[in-house]
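Student: I would like to go through the charged pairs and a surface patch of this protein, and to hear for each label what justifies it.

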Amino acid sequence: MENSSAIKITRRNLLKAGAVSATAMAASSSVSLAQQAAQTGVQPMSATVTLRVNGASREVSLDMRTSLLDALREHLHLTGTKKGCDHGQCGACTVVLDGRRVNSCLTLAVMHDGAEITTIEGLGSPTALHPLQAAFVKHDGYQCGYCTPGQICSAVAMLEELSQGVPSHVSESLTERPLLSVDEIRERMSGNICRCGAYSNIIEAITEVAGSKA
């Protein structure tokens with residue numbers, strides 16, 4: 001009884017002791033796992049993928065976990081496609097994949113062996129702009145320009161969707177060809193964010209090109 005009454009443990013000291021013990025155990029576990037990985041020599045799996053990018057076949061060897069965005073930027077050095085949120089929420093990484101627009105940060109490169117991919121670099125050149133690129137310049141459809149490649153790639157595929165009669169959430173009919181309207185364009189481009197707020201100019205640029213196509 002005398003010995004037990006002499007031991008005084010406060011709540012604060014008990015919490016401190018528990019925290020120190022947990023940290024020591026976690027550190028020991030991490031070191032053990034690292035040692036096991038080093039001993040087994042496990043390496044990430046890689047694969048060779050052939051992508052037809054902007055009309056040219058490109059063969060790359062990459063980690064199977066590599067996103068299409070990182071394959072384009074880091075392996076093929078096509079940095080026009082931008083990495084914005086890396087979560088598929090901003091649209092800055094939009095490219096045209098087999099005729100359809102996709103967020104390249106959300107799909108793995110190995111899933112698209114042999115696919116046809118068009119990035120902003122494949123749409124036009126400084127001396128021969130794509131009609132949408134020219135319209136963006138004319139209507140000042142960009143500010144900082146970071147989202148512009150994704151905006152233009154998305155708009156190119158979106159106009160093709162309209163021409164094929166693919167309905168959107170705001171289309172009045174699911175069986176009839178949707179009419180070209182500001183509401184249709186806004187809805188279809190809603191996945192592409194412009195943090196500078198150049199939306200009205202972007203709509204004007206797309207409307208002009210869509211009107212000329214019609």
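Tutor: We shall take the salt bridges and then the patch, keeping in mind that this is a predicted model.

Student: What makes the contact between Lys83 and Asp70 a salt bridge?

Tutor: The N to O distance between the two side chains is 2.8 Å, and since a side-chain nitrogen of Lys has to lie within 4 Å of a carboxyl oxygen of Asp, the pair qualifies. Lys83 sits in the loop between helix H3 (68–75) and strand E3 (94–97) while Asp70 belongs to helix H3, so the bridge ties together parts that are 13 residues apart in sequence.

Student: Why are Lys83 and Asp70 called partly exposed?

Tutor: Buried would require a relative accessible area under 20% and exposed one over 50%. Lys83, at 30%, falls between these limits and therefore counts as partly exposed, and Asp70, at 21%, is likewise partly exposed.

Student: How do you know that Glu208 and Lys138 form a salt bridge, and which parts of the chain does the pair link?

Tutor: Their closest N and O atoms are 2.9 Å apart, which is within the 4 Å limit, so the term applies. Glu208 is in helix H7 (residues 199–213) and Lys138 in helix H4 (residues 131–138), so that the link joins distant parts of the chain, 70 residues apart. Glu208 has 33% relative accessibility and is partly exposed, whereas Lys138, at 58%, passes the 50% cut-off and therefore counts as exposed.

Student: Are Glu184 and Arg188 buried or exposed, and how are they placed in their helix?

Tutor: Glu184 has a relative accessible area of 4% and Arg188 one of 6%; both values are under 20%, so both residues are buried. They lie 4 residues apart in helix H6 (residues 182–188), which means that about one helical turn separates them. Their side chains meet in a salt bridge at 2.8 Å, N to O, and the two residues belong to a network of salt bridges that also links Arg101 and Glu161. A search of the whole structure finds 8 salt bridges.

Student: What makes Tyr142 eligible for the nonpolar surface patch?

Tutor: A patch member needs over 30% relative accessible area, and Tyr142, partly exposed at 32%, therefore clears that cut-off. Tyr142 lies in the loop between H4 and helix H5 (148–163), and together with Leu129 and Val137 forms a patch with about 260 Å² of accessible area.

Key:
Residues numbered from 1 in each chain as written. Predicted model: local features only at pLDDT ≥ 70, side-chain atom pairs only at ≥ 80, totals over all residues. Heavy atoms only, no water. Helix = DSSP H or I, 4+ residues; strand = E, 2+ residues; numbered from the N terminus. Buried < 20%, exposed > 50% of the residue type's maximum accessible area, 1.4 Å probe, protein only. Patch = residues over 30% accessible without salt bridge, like charges linked within 9 Å, V, L, I, M, F, W, Y side chains within 5 Å. Areas by Shrake-Rupley, 256 points an atom, 1.4 Å probe, with all protein chains shown as cover.
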